[in-house]
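Trainee: I would like to see the reasons behind the labels used for a structure. Can we go through them one by one?

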Amino acid sequence: MAESAVTGRFAPTPSGRMHLGNIFAAMLAWLSARSAGGRFVLRIEDLDLARCSEADSRAVIDDLLWLGFDFDGEVYYQSRRAEIYADALKKISRKADIYPCWCTRGSLAATAPHGADGHPIYDGRCRRLPPDAPHDRPPCLRVAVPDRVISLTDRLQGGYRQNLAAECGDFILRRADGLYAYQLAVVVDDALSGVTEVVRGLDLLPSAPRQMFLYECLGYPPPSYCHTPLLLGPDGKRLAKRDGAYDIGELRKRFASPEPIIGALAYCAGVIDRPDELSLSELIPLFDISAIKKDNIIFLPSPLWEQP
């Protein structure tokens with residue numbers, strides 16, 4: 001039997017313990033790849049070492065293994081790949097204009113128009129500055145985007161299109177503190193690790209067109225995209241690390257095995273039609289991406305979670 005050409009990935013940021021929303025995203029990405037007989041890789045997105053720690057990285061990996069995830073190849077860390085990102089930045093500069101920008105986040109929030117996702121649409125103002133203009137802070141580096149529409153067909157959400165100039169604006173590739181930005185690092189890492197499908201949360205759908213633009217600049221084929229619903233708490237707010245909602249550390253204290261957790265998440269997603277305690281491997285033959293709910297999901301604890 002020929003080896004599947006599918007390679008998926010999960011790329012957590014180790015800035016604290018994972019919660020159910022993180023596990024939900026990892027589960028759908030893992031099931032998508034494994035149900036196609038594909039490979040699955042783990043990337044630790046620890047570019048910002050001020051927010052990320054080795055202890056948190058170890059905890060992420062330990063929690064994923066306890067939950068039943070497995071991965072192909074070695075885990076790799078973005079914090080160790082700065083030279084690779086620097087080379088990619090040079091390559092992009094041959095296809096697009098990269099320029100320094102001294103604008104602060106506060107000044108843009110106050111003066112720039114905002115897109116549908118709430119972020120400022122950068123108008124390229126620093127690109128028009130004279131070369132000898134005085135500055136009092138280090139610049140970030142932005143890439144000038146084309147005034148054209150980039151379209152994709154998301155495996156779950158369907159058609160999506162975005163005019164980069166009108167709806168996004170020139171975006172950052174390297175921050176003022178020298179750290180490479182998410183948009184650059186994720187494209188380089190996915191391309192070089194052979195990722196063919198990106199299954200991730202719906203909040204990242206607006207990033208897909210700008211990432212496709214970077215794939216184009218770098219000469220790599222883009223992956224397929226599948227943007228899955230976010231998991232919300234009973235109050236309708238997105239689960240987040242900062243409020244400790246359904247922290248995996250607390251869940252591991254409560255449950256002796258991961259099956260109640262995985263089963264509850266699978267039921268929420270629509271992978272199974274009734275609450276049950278199942279392992280990740282048991283879900284592989286049941287997985288159908290077209291059956292996954294498209295809209296964000298309010299997580300209600302399974303009756304199986306009730307204390308006796």
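Mentor: What follows is a set of questions about labels, each answered from a value and a cut-off. Keep in mind that this is a predicted model.

Trainee: What makes strand 1 and strand 3 edge strands?

Mentor: Strands 1, 2 and 3 form an open sheet in the order 1-2-3, with parallel pairing. Strand 1 (7–10) and strand 3 each have a single partner strand, so one side of each is left without a neighbour in the sheet.

Trainee: How do you know that strand 2 and strand 3 pair?

Mentor: Two strands pair if there are at least two bridges between them. Strand 2 and strand 3 have 2 bridges, in the parallel sense. Therefore they count as a pair. Within this pairing, I44 stands opposite Y77 in strand 3.

Trainee: Which helices lie on this sheet?

Mentor: Helix 6 packs on the sheet, touching strand 1, strand 2 and strand 3, and its direction makes about 145 degrees with that of strand 2. Helix 1 (residues 20–35) lies across strand 1 and strand 2, at about 150 degrees to strand 2.

Trainee: Why is helix 6 called mostly covered?

Mentor: A residue is buried if its relative accessible area is under 20%. In helix 6 (residues 182–192), 8 of the 11 residues are buried. Among them are L184, V186 and V188, and also D189 and D190. After the helix comes G194, whose phi is positive, near 75 degrees.

Trainee: Why is the pair of F40 and F71 called stacked?

Mentor: Two rings pair if their centres lie within 6.5 Å, and planes under 30 degrees apart count as stacked. For F40 and F71 the centres are 5.9 Å apart and the planes 25 degrees, so the pair is stacked. F40 lies in strand 2 (residues 39–44) and F71 in the loop between helix 2 (54–67) and strand 3 (76–77), so the pair ties together parts that are 31 residues apart in sequence.

Trainee: What makes F69 and F71 a stacked pair?

Mentor: Their ring centres are 6.4 Å apart, and their planes stand at 15 degrees, so this pair is stacked. W30, F40, F69 and F71 form one aromatic cluster. A search of the whole structure finds 5 aromatic pairs.

Trainee: How do you know that F40 and F69 are buried?

Mentor: The cut-off for buried is under 20%. F40 has a relative accessible area of 0%, and F69 has 3%. Therefore both are buried.

Trainee: What makes the sheet of strands 4, 5 and 8 an open one?

Mentor: Its order is 4-5-8, and the pairing is antiparallel. Strand 4 (98–101) and strand 8 (171–174) stand at the edges with a single partner strand each, so one side of each has no neighbour in the sheet. The twist averages 45 degrees from one strand to the next.

Trainee: How do you know that strand 5 pairs with strand 4 and with strand 8?

Mentor: The requirement is at least two bridges. Strand 4 and strand 5 are joined by 4 bridges, and strand 5 (residues 140–143) and strand 8 by 3. Therefore both count as pairs. L141 is the bridge partner of P100 and stands opposite R174 in strand 8. R142 stands opposite I172 in strand 8.

Trainee: What makes strand 5 covered on both faces?

Mentor: C140 and R142 are buried on one side, and L141 and V143 are buried on the other.

Trainee: Why is R142 said to lie over the ring of Y122?

Mentor: The distance limit is 6 Å from the ring centre, and the charge must also be within 35 degrees of the ring normal. R142 lies over the face of Y122, at 3.8 Å from the ring centre. The charged end of K91 sits over the ring of Y220, 5.2 Å from its centre.

Trainee: Why is helix 3 called roughly perpendicular to helix 7?

Mentor: Angles of 65 to 115 degrees count as roughly perpendicular. Helix 3 (residues 82–93) and helix 7 (residues 208–218) pack at about 80 degrees, with their axes 8 Å apart. That angle makes helix 3 roughly perpendicular to helix 7. A88, K91 and I92 in helix 3 meet L214, C217 and L218 in helix 7.

Terms used:
Residues are numbered from 1 along each chain as its sequence is written. This is a predicted model: local features need pLDDT of at least 70, side-chain atom pairs count only at pLDDT 80 or more; totals for chains, interfaces and linings use all residues. Side-chain values use heavy atoms; hydrogens and water are left out. Buried means under 20% relative accessible area, exposed over 50%, partly exposed in between (1.4 Å probe, protein chains only). Axes are lines fitted to C-alpha atoms, for helices over the stretch in contact, and angles run from 0 to 180 degrees between N-to-C directions. Rings of Phe, Tyr and Trp (its six-membered ring) pair if their centres lie within 6.5 Å; planes under 30 degrees apart count as stacked, over 60 as edge-to-face and the rest as tilted. Angles under 35 degrees count as roughly parallel, over 145 as roughly antiparallel, 65 to 115 as roughly perpendicular and the rest as oblique. Contact means heavy atoms within 4.5 Å.
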